Amino acid sequence: MSKDININVHHVARVEGHGNIVIDVQSGELKKVELQIVESPRFFEAMLRGRRFPEAPQITSRICGICAVGHTTASLRALEDALGIEPSEQTLLLRKAVLEAEIMQSHVLHYYFLVAPDFFSVPSVIPLAASHPDVVKRALRMKKLADDIVTIIAGRHPHPISMVVDGFTHIPTEAQLRDALKQLKTMLSDDVPPTLDLFASLKFPAFERKTDYVALKHPDEYAYYDGIIHSTETGETRHRDYKNKVKEEVVLHSTAKQAKGPFRPYMVGALSRFNINSDQLMPAAKAAAQKLGLAAPNYNPYLISAAQVVESVHNIERMIYLIEELLRRGLKDETVERQTIAGWSAKLPPVKKCWGVGAVEVPRGVLFHEYRIDDDGLLSWANCVIPTGQNLANIEDDMRALVPTILDRPQEEITLLLEMLVRAYDPCISCSVHMLKVDFV
Amino acid sequence: MAKTLVLGLGNTLLGDDGIGVLVLDRLGDLGPEVEVVNGATGGLSLFETLKGFPKVVVIDAVEMGKAPGAIARFSAEELLRLPVSRNFSLHEFGLFEVLKLGQSLNEDFGHVIIIGVQPKQVLHLESLSSEIEAKMPEIVEKIKQEVNYAGSYA
């Protein structure tokens, strides 16, 4: 078919930050596909150089206002990897619980506030609130509970203050945890079923492209906090060898670096995790996947949103499990026995020159922080590889595969399908910059 | 629970945009019935912040096309009547969207009054311009008047 299409979506809506989609089709031939990132660069890695190592989690938490706990966790894990510190069991339980809470709030925000309006044919959540107030109220309720759990554990939402090297400067009370537990159980019984009914009724666009799916994998649990880097195409990579799997590259059309595999782009995030680890989901999450018709492996990127719904159910169940475990063990003020190393106030312990890597699953995929620490305790070098940066090249490959199959559709429909595709990845452009408007030129 | 919320909004790293936050430190003790909150650059989270207060006084830098330091007082109803069209994203989810969402959901936000200050410059700067700094006592006075106003808004 000889057809010319020029799509130029300037600032794609309902994504975090600014990005453009540019598609150029001449005489039915696809000439250009670009996902342009137009946010200004942030230079966090340069900011870290010369800072005292305990400051890194607090500085890097500011990379993102949505997954600040994720950055904090990756930062702490990189430092502890470098220094050979093994935090206590209680610290691990609290860190895992707060990470589950953050992933849940981010997913709820994305599938209810940013994705759902597409299916109701409304431009945003505000008209949705007028037509479906029960839906929006439920979404706000779910997000609030997750935010509140971040607040009681991390001391503040979204940017944690109590999470430091080797522990917490402040821990929640058992009464706070019991209250959260009660609310989580109510949410699982009252708010999860209507959420599943809603998303099971939505018709996601049909499109499949098998790619390389990458996520952490752990023998004991559905991996978020810890695991080995698993690729469905290239097998396993240890966290310290992440650069064997992740090659960062500067592209002219984007202020964000693109991170790809050594041979080809790959996907990270909820669908990758689901494809790799779905047998480790908690029971209600498994039932949720069944209800949504999602089975691993699934090659439709539009269903990343469905995988997020499934994961949010898992997040609730895991928080229930982790909090019950904390309560069963009884909370201890561990800072009495072992001083945590807290930010700006820290008296630096003697350190040897060392380096470490933290690899953690955050809402949009696997996140890497890598630091080098000098013998004076100052950071001499840092590298942060953000999930959206890892997905950008894969999104462009999806668009290259998708556009030729939908050329017969009206331009408005092509544009909408492309925007929905980009939104499905839940790109967090300001963090990776570095995202969305569609330019059909 | 306090009866009145004083909510300062803005980014203190962006020059005069920080006025809503910086003025909070000059308010002194407003008594037990008043809660003062630094809303900073909060978006959707403000939805939860606004809940449950019969009266809310918001201070924010507002581009009104007036002389730097000009102060305007308007209600949430007046703000919501303004025609606004812009791309929706969380980075642009601000007070307007929160109030609009509250209106759509019939959320009772009490009476929201906005004290808007015309900025001179909004750029990467950690200080206020002298014109805005000079208006600080007047802005404090306006906030106190609003907090102490006991009459009916009807």
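## Annotated positions

In this predicted model, UniProt lists C67(A) and C431(A) under "binding site", in an unreviewed entry. The annotation "binding site", likewise from an unreviewed UniProt entry, also covers C64(A), C67(A) and C428(A). Although C64(A), C67(A) and C428(A) are spread over 365 residues of sequence, these positions cluster in space. The largest C-alpha distance in this group is 9.6 Å.

## Environment of C67(A)

C67(A) is located in a loop of chain A, with α2 (56-60) on one side and α3 (68-83) on the other. Its relative accessible area is 6%, and C67(A) is therefore classed as buried, the cut-off being under 20%.

When residues up to four places away in sequence are not counted, C67(A) touches E102(A), P363(A) and R364(A).

## Environment of C428(A)

C428(A) also occupies a loop of chain A, between α13 (411-424) and α14 (429-432). With a relative accessible area of 4%, C428(A) falls under 20% and so counts as buried.

## Summary of the site

Two of the residues that the UniProt record places in the "binding site" annotation, C67(A) and C428(A), can thus be described by location and burial. C67(A) is a buried residue in the loop between α2 and α3, while C428(A) is a buried residue in the loop between α13 and α14.

How values were computed:
Residues numbered from 1 in each chain as written. Chains lettered and ligands numbered in written order. Predicted model: local features only at pLDDT ≥ 70, side-chain atom pairs only at ≥ 80, totals over all residues. Heavy atoms only, no water. UniProt positions renumbered as here; feature names shortened; annotations may be inferred. Helix = DSSP H or I, 4+ residues; strand = E, 2+ residues; numbered from the N terminus. Buried < 20%, exposed > 50% of the residue type's maximum accessible area, 1.4 Å probe, protein only. Contact = heavy atoms within 4.5 Å.
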